[in-house]
Amino acid sequence: MIIKNCTPFDGQHCETTATGTLLNQIGIELSEPMLFGLGEGLGFIFWNMKTMDIPFLGGRIKPDALTENIAKNLNLELKVLKY
């Protein structure tokens, strides 16, 4: 598929950049922090075990779930195909 006159979204994260670019095509312009918020994408975990050299610090949901949540929260139809 060729998308004409596509203006790429300027983001720091691969999934928000791709989703932001697609949303811009339908006239929805959101910031990257707003995309993470609508996508319910950031959380927090601090995991410290004796068997680990250093504690694990993280906080992001699974890939693709971010885009699915954004579509759900904006009441948009999203068709996901996995190969």
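## W47 and the nonpolar surface patch

W47 is partly exposed, its relative accessible area being 44%. This value belongs to a predicted model. The classification follows because 44% lies between the 20% limit for buried residues and the 50% limit for exposed ones. W47 is located in strand β1, which covers residues 42-47.

On the surface, W47 joins I45, M49 and F56 in a nonpolar patch. Together, these four residues present about 380 Å² of accessible area.

## T21 in helix α1

Helix α1 spans residues 14-25 and includes T21. The relative accessible area of T21 is 14%, so this residue counts as buried, the cut-off being under 20%.

The T21 side chain lies 2.8 Å from the backbone oxygen of T17. When neighbours within four places in sequence are set aside, the contacts of T21 are C6, T7, P8 and F9.

## N69 in helix α3

N69 belongs to helix α3, formed by residues 65-73. With a relative accessible area of 16%, N69 is also classed as buried, because the value falls under 20%.

Beyond residues up to four places away in sequence, N69 is in contact with L38, G39, E40 and I61.

## Summary of exposure

T21 in helix α1 is buried at 14%, and N69 in helix α3 is buried at 16%. W47 in strand β1, by contrast, is partly exposed at 44% and contributes to the nonpolar patch with I45, M49 and F56.

Note on methods: Residues numbered from 1 in each chain as written. Predicted model: local features only at pLDDT ≥ 70, side-chain atom pairs only at ≥ 80, totals over all residues. Heavy atoms only, no water. Helix = DSSP H or I, 4+ residues; strand = E, 2+ residues; numbered from the N terminus. Buried < 20%, exposed > 50% of the residue type's maximum accessible area, 1.4 Å probe, protein only. Contact = heavy atoms within 4.5 Å. Patch = residues over 30% accessible without salt bridge, like charges linked within 9 Å, V, L, I, M, F, W, Y side chains within 5 Å. Areas by Shrake-Rupley, 256 points an atom, 1.4 Å probe, with all protein chains shown as cover. Salt bridge = Lys/Arg side-chain N within 4 Å of Asp/Glu carboxyl O. Polar contact = N/O pair within 3.5 Å; in protein donor to acceptor, adjacent residues only side chain to side chain.
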